[in-house]
Amino acid sequence: MSTALLHGIEALIFDCDGTLVDSEEPGLEVLHALALEEGLSLSLAEARQRFRGVRMADCVAWIAAQRLDRPVGFEADFMARVRRQTELRFRQGLQPMHGAPELLATLHAQGRPMAVATNGPREKVELSLGLTGLREPFGAHVYCAYEVGSFKPEPGLFLHAAQALGVAPQHCAVVEDSLPGLQAALAAGMRAFSLHPRAGLPEALVQRVHFIDRLSELLP
């Protein structure tokens, strides 16, 4: 294990989408395409900036607010369409992020506590981890904001995971790829590793996180 990066760290908590599983872009593309079908004028780049790492209910609420003539029940119907289309897209060939299988296998072999903590619903994270072969190492330690009742950028989800792992927050590291996730990790008092590049992040946050280009940097 990279002793410099993980000095003093006893447990690792991973985001799922865009961190362990290469699902962020396919999911955003589905959401963007459905938004265009509703008549929104929104580029894919704008969708990435606005929706990346944001709770899906908030994404859908924003899209609904752009449709002044939306029918009753629009948000629930749109959410259901997003979920269906996303699952279909994932089943076409979802892949793990580069280095994820090797890193998780190493951590598991070392007996190092680890968890997944995601803003997504249970069915999505189970599907994503299952399709990519990453589910088994986490055992019971897969936590969803919908079940915990705390969504990133709030720290509650990460604090819940740390408590379940039996490790104090200051001895946990979080691996994330989104601004809300990094904000949540710092608010929880944890070390934050960012797969999100420096560009697009607030300068105050940039000074407090550790940037990595790939998960393999956390290998020994």
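**Reading the fold of a predicted chain**

Reader: Charges first, then. How far apart are the mean positions of the positive and negative charges?

Author: You take the average place of each sign and look at the gap between the two. In this predicted model, the chain has 20 positive and 26 negative charges, and their mean positions lie 1 Å apart.

Reader: Okay, what about secondary structure? How many helices and strands are there in the chain?

Author: Count the elements before looking at how they are arranged. Here the chain has six strands and ten helices. On overall size, its radius of gyration is 17 Å, close to the 17 Å from the globule rule for 220 residues, so the chain is as compact as a globular protein of that length. Along the principal axes, the C-alpha atoms fill a box of roughly 55 × 35 × 30 Å.

Reader: And the strands: in which order do they sit in the sheet?

Author: Read across the sheet, not along the sequence. You get β3-β2-β1-β4-β5-β6, an open sheet with parallel pairing. At the edges are β3 (142-144) and β6 (210-211), each pairing on one side only.

Reader: Can we zoom in on one pair? Over how many bridges do β4 and β5 pair?

Author: Four: β4 (residues 172-176) runs parallel to β5 (residues 191-194) over that stretch. As one residue-level case, V175 has F193 in β5 as its bridge partner.

Reader: Last one: what share of the residues is buried?

Author: Burial counts residues with under 20% relative accessible area. By that cut-off, 49% of the 220 residues are buried. As for the surface, the chain exposes about 10,200 Å², with 51% of it supplied by carbon and sulfur atoms.

Terms used: Residues numbered from 1 in each chain as written. Predicted model: local features only at pLDDT ≥ 70, side-chain atom pairs only at ≥ 80, totals over all residues. Heavy atoms only, no water. Helix = DSSP H or I, 4+ residues; strand = E, 2+ residues; numbered from the N terminus. Rg over C-alpha atoms; globule rule 2.2 N^0.38 Å. Buried < 20%, exposed > 50% of the residue type's maximum accessible area, 1.4 Å probe, protein only. Areas by Shrake-Rupley, 256 points an atom, 1.4 Å probe, with all protein chains shown as cover. Lys, Arg positive; Asp, Glu negative; His and termini not counted. Charge placed at Lys NZ, Arg CZ, Asp CG, Glu CD. Pairing = 2+ DSSP bridges.
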